[in-house]
Amino acid sequence: MSTSSVEIKVCLGTSGNAAGGEEVLRLFRHYVFDRAVEARIGTRCEFRKVGCRGFCSKDVLVDVIINGSKTTYQSVKPIMVERIVDDHIVGGGPIPEWMAGDEYTSFHSKQYKIILGPCGEIDPENIDDYIRMNGYRAARKAVTKMTPDGVIDVVTQSGLRGRGGSGFSTGEKWRICRGQKNDTRYIIGNVGEVNRALAEGNPHAIIEGLLIGGYAIGAQKGYLYIRERYHLSVERLRTALDQARDKGFIGKDIFGSGFDFNIEFSFGTESFICGEETALMESIEGKRAMPRYRPPFPAEKGLWGMPTVINNAETFSNIPLIIGMGADWFSSIGTAESKGTKVFTLSGKVKNNGLVEIPMGMPLREIVYSIGGGIAGNRKLKAVQVGGPSGGIIPESMIDMGLDYESLRKVGSIVGSGGMVVFDDEDCIVSVTKFFVEFLQRESCGECTPCRIGTKRMLELLIKITDGTGEIEDLDTLNRLSGIMTASSLCGLGRTASNPFITSFNHFRDEYLAHIRDKKCPAGVCPALVVFMVVPEKCKGCGLCRKACPAGAVTGEIKKAHDINQELCIKCGACYKVCKLKAIKKQ
Amino acid sequence: MEKPINSISLVIDGKQISVPSGTTILDAAKQVGITIPALCYHPKVSRSGACRVCIVEVGGTLVTACTTPVSGGMEVITNSPYVENMRRDLIDLILSDHPYDCMVCQKTGECELQELAYKYSIRNPVFRGERRQYAQKDGNPFIDRDMEKCILCGRCVKICDEVQGVGAIDFAYKGFWAKVCPPFEQDLNCEFCGQCVMVCPTGALIGKNWVARGRYWNMREVESTCPYCGVGCTLSLHVKENEIVRVTAKEGRGVNDGLLCVKGRFGYQFVSSPDRLKTPLIRRRKGGDLEPATWDEALGVVASRLKRVKEQYGPDAIAGLSSARCTTEDNYLFQKFMRAAVGTNNVDHCARL
Amino acid sequence: MTNSLREIEDNEVLFITGSNTKEAHPVIANMMLKARRKGAKIIIADPRRVPLVRFAELWLQQRPGTDIALLNTMAHVILKEGLINEQFINEQTTGFNDWRASLDAFTPEAGEKLTGVPKGDLVRAARIYGCSRRAAIYYTMGITQHAQGTANVNAVANLALLTGNIGRPFTGINPLRGQNNVQGACDAGCLPNVYPGYQRVDIPLVQQTFERAWAMPLSVRPGLAATEITGKALEGAVKALYVMGENPVLGDPNTEHTRKGFQKLDFLVVQDIFLTETGMLADVVLPATCFAEKDGTFINTDRRVQRVRKAVEPPGEAREDWRVIAELSKRLGYEMRYESPEEIFEELGRLWPALEGITYGRLERGGIQWPCPTRSHPGTEFLYKGGFPRGKVSFTAVSMAPPVERADREYPLVLTTGRNLFQYHFGSMTRRAAPIESHAGKPYAEIHPEDAEHMRISQDETVRVTSRRGSIRLTARITERVRRGEIFIPMHYAEAAVNVLTNNEALDAFSKTPEFKITAVKVERLAQEG
Ligand SMILES: Cc1cc2nc3c(=O)[nH]c(=O)nc-3n(C[C@H](O)[C@H](O)[C@H](O)COP(=O)(O)O)c2cc1C
Ligand code: SF4
Ligand code: SF4
Ligand code: FES
């Protein structure tokens, strides 16, 4: 057997790191050296750290590519490395029981990874890897061969819309900014939670996009705004920026064109509102992150009072592709109104959690069942919440809808931060709504009345309902609050904060009524509304539940049916969980 | 250089009006006599659009009148049922987190929130729930800061930073528990100009010494000029039962246009100090004490002693010092007295000190 | 002020020297900050880090007593760089060429040596001021309370003339008046050499006018300045003194000297609202009314005549000052008949045309700035519009002279006196306002950290400050607001009266203003007393 090339790729995103990726990579290096592998097989082994490929629940993921044929191992632990080296790399025999299975394939096969693709393929800490994959070619083309207006035209024609929330046409935003009279302009890359994988796996794409954008609007300076806590993202972006500077892609006289452009970091704190564009600008200016009123919009009067473009990091990642492959190519992906792909974080009750990139318009059903692998424990799908904390809750009956800006808006949801949470029949919709509102209340900046007090009152009413003391009028009050918040809040947070309530109330009115009128939580989640009872016919009197109950509410003699004292029961559900005979029922 | 001003025509509640471009809806409405309620807007500070009370309807959507510039052909409705209900609900929301203690609140009668609650007749609020409650009180001697009454309009934060250049207070915390306070919630330690007190729409910021000294409508207001430095700020002295119980300044009056410093605003108590001289005093024996006397006796002594010196040593042995604190009239009369009645030019005052 | 307060916000450059505006004239500082928000540049020249420094484009921290060097160097640079306003100089000034020669020595290098300010900063300041035609100068006692005070003022004026930054809106030479009615007291003629309206007593024509108006022969001899009276009392030339609303015992330099002088008087009468330190030495004390108990006018720093209105009844038998004076005058055989302050004001207006157009009636609508010669005149926002009253004004060559006192081995520190934000003057009013007194009721001396370390003085420690004339005790406040080698003591506290230390002999030759900004002192820890 002749081996001409060996490549070992270890996933070192945040999750890969946490699962011990660094150690795994070190051990691969160690054993390859220790066993004199390179001498024995007669070729050099290439090692690559790669970014996240989305399938984080099975980290550490390792690709072993021999002569171009790739085998992916999942859940690789340090102790497994030695055998992979010995059996597979040296011995030529892959180890089937450790290989990634069907889930991994189906998770990926339905996705369309134009921007996440390179993550997991290239070494994010090595600019040459990126350049080898045509990196910075689009920037060179834009800066040396195209006019700024030409760039804006292409971006506009591509139909690209902002990936950070509102879905405003990116080209249009750039054009407005470019049209302002001021000489000083700024461009800002908004790197949010959902962008971390991008920043870690393919940081140069963000930088290149920012550079092209800077050229197009005539900015002298760009900022990368990122939460300080995202250490790995910061580190990778910083390394990438240094390398781009060394190559002369950032700095003075870029590509000999006379165009000067610099990029700086600005760090935010761990608060949701920091991601809102005007609060973000306040934060860069050194003030407390509180949104500004609009108009004027940032593109007219933004950072330090100058015209400013703010785009999401994912939006920027699309730019090099659009310039490189053309507007037509890009607009061939997606729907009539929503072009390209979108990254979502799929979580909740699906089998495969992780980061997914889909062409715009893909039916929700396909995401849940094909990519997500269906509902864990084969339970029944109840709803999907799309768009982050202030997204809408979409019931099972509607999951044939496609995911794009228009369809989501129609059902009262948003693309938002790209969150996607799947709920099954064990989830209580009222509790879920309460959970989101709680987050939004905590994260409201507190500046404007409807959001500051409105979210609080909304939360109080939802707590009241889940506590079993809700009244029918509370639903009117909740609707009234939703109306105020949506119509009169200062920024997007307040304006969208009632989406979870509005959508869940529209689709799950019965569940609200059950809590209020019947004092029942159909999903059996709200502690105040559940009753745990022994079914005497099934109980064999084993006593397990008696021992498990922390409140001493279960009584009964061995081998005789037990009983639960409802006065003492604290609804913790311990008995329910320990009973092997399903002799305890929850109502 | 001033930009050329373009005029913009629009319609507000059916009234046609032309205003310079850049004018906000709020200001434009004012010009046709329509007052839009506003809690966070204040002409002295930059706008924030925080309270949302000034919402109006433009083309079916709500915008805040204080921040939105007019545009050509705009049709603004300030009082549709939609707007009025929304406004009512916003005030209701604010009240749901406000102590209902107007009957003992010093701000009563001047409170902008009370005024709106009254206007919208919010007796039984729709919204109810937890209220912010704070145990800690600020120990500074000038300003009572009752943050339970604060509606987070931000006027104080802005005037302190933008107008006073101090920045002693800022927003802290988030969401419902957002709060205006000095760094680390220490006691306020600033210039105590009281500018924040002036702009606060509610009873959250009140002069400590005003409390329980009377209701504003039971006071007489006298406009006068500050007795301290040479700026000459115009003051309103609020008088109750022959005592000054508060000093304020009115926007649009005098060079200070509503602003004051700590001395002008909080330095008035000397007027009613028990140390004030109440009768003439005479030292009847050299080395003796000063003893009360009648005006007649005192003036008699002064006149005869001055006369004696003048007769013995000539008028230039007498000198007079007048005062930069006294009125122009007093000063005029003093020098006239020295020059005409005594006959000397030995008259001066403390201009150089 | 040549110009108006309301113009401040539209200044392009504000050159503030020797004025702690933020504390002494807080509301003017508000206007300056507004100008800055509108894009104006602030330059501050002050030995102390005054609070406005935080907002300054440039801060020149000169050594005390080197203002002339600083101002002359700026003029030198403006000349050299051709930033002068030739048209203005030709049309409205004289003496330019002679004066110009006097600046030769003030190169930036020399300026740096004399003032301790880096030459680059001097040049930048000159450029910023010189390049603007909407630049105004603001100053107070930091310029005037020096033995060189008059020369300082001339040097300031030269800068404005050189650039033509006077006689138009948003420019000017603007001394800020310290007390509410200094302007009014001066305007009303409470000065030893002039009648109301600055009309000289030694000009016969003027004298005759006033003799006619007052129906009394008047003296042609200019009188004594306030700061000269004590000396004359000690000599025995002044025998009786009438003090109305002043406290010279605390206010005049060298308290011990003042006290001795006053004790030597045959007769002292004091008219005031409180029993002051001066009142305690008096033979007769007359209870007067304060601003809230009488009608009248104050004239502020931008020449604005404004009404004072009676709001409350005076305490006990206290009487309005004008009534007391009129009664006394009658008893001296010179009848004064007035029904109200308004009549007095009208009489003043008849004697000085600048006030003639102003009536109490007109003042109801708000203050009016003099000159206001007729009933329909709106008042004058800025002076010297379209030229100076005496035709052309002259540049005045000013040269540096050292201050009277200098730090030496025995008294190694330089003391500057002044105000803080909370108290006012000698405290008779503010110290009786409970919140102010509880917040800022303790005397203190500001000492630079390095000096403090050198003398092993710690924060809030009680220290003794001594000059050649006396000593006081107060608390040390260690702060970088002062320069090394200098200390600052506010004037407000009788229990640590700073004029115990100051020098009555260091006076400006022309204005007789004391040199309050430079006194040599030493500071000692009390623990060393043993
Ligand atoms: C509360 C709130 C949080 C937001 N957080 C983010 C964020 O983390 N990242 C982001 O790109 N946009 C965020 N946005 C949206 C931004 O305000 C802005 O619309 C976006 O950065 C524009 O970029 P785009 O045009 O590329 O979407 C947030 C908006 C709101 C109202
Ligand atoms: S909507 Fe919420 S987050 Fe946005 S400004 Fe208002 S309070 Fe702040
Ligand atoms: S204290 Fe008053 S002025 Fe300040 S934010 Fe609160 S309500 Fe507004
Ligand atoms: S007054 Fe306009 S938002 Fe508050």
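## Close-ups of the chain C–chain B interface

**View 1. A strand pairing joins the two chains in this predicted model.** B:Gly320 stands opposite C:Tyr242, a residue of strand S9 of chain C. The strands involved are S15 of chain B, residues 318–321, and S9 of chain C, residues 240–244. They run in the parallel sense. Four bridges make up the pairing.

**View 2. Chain C meets chain B over about 11,200 Å² of buried area.** Carbon and sulfur atoms account for 62% of that area. C:Phe291, C:Arg331 and C:Leu332 together supply 6% of what chain C buries against chain B. No other three residues supply more. In terms of contacts, 150 residues of chain C touch 107 residues of chain B.

**View 3. A salt bridge links C:Asp283 to B:Lys286.** The two side chains meet at 3.8 Å, N to O. Across the interface of chain C and chain B, the rule finds nine salt bridges. Polar contacts there number 69 residue pairs, with both residues at pLDDT 80 or more.

**View 4. Helix H15 of chain C lies on the side that touches chain B.** This helix spans residues 321–331. Eight of its residues belong to that side, the largest share. By class, the side of chain C that touches chain B has 85 nonpolar residues. Another 33 are polar, and 32 are charged.

Methods. Residues numbered from 1 in each chain as written. Chains lettered and ligands numbered in written order. Predicted model: local features only at pLDDT ≥ 70, side-chain atom pairs only at ≥ 80, totals over all residues. Heavy atoms only, no water. Contact = heavy atoms within 4.5 Å. Buried area = accessible area lost by both parts, 1.4 Å probe. Salt bridge = Lys/Arg side-chain N within 4 Å of Asp/Glu carboxyl O. Polar contact = N/O pair within 3.5 Å; in protein donor to acceptor, adjacent residues only side chain to side chain. Nonpolar A, V, L, I, M, F, W, Y, C, P; charged D, E, K, R; others polar. Pairing = 2+ DSSP bridges.
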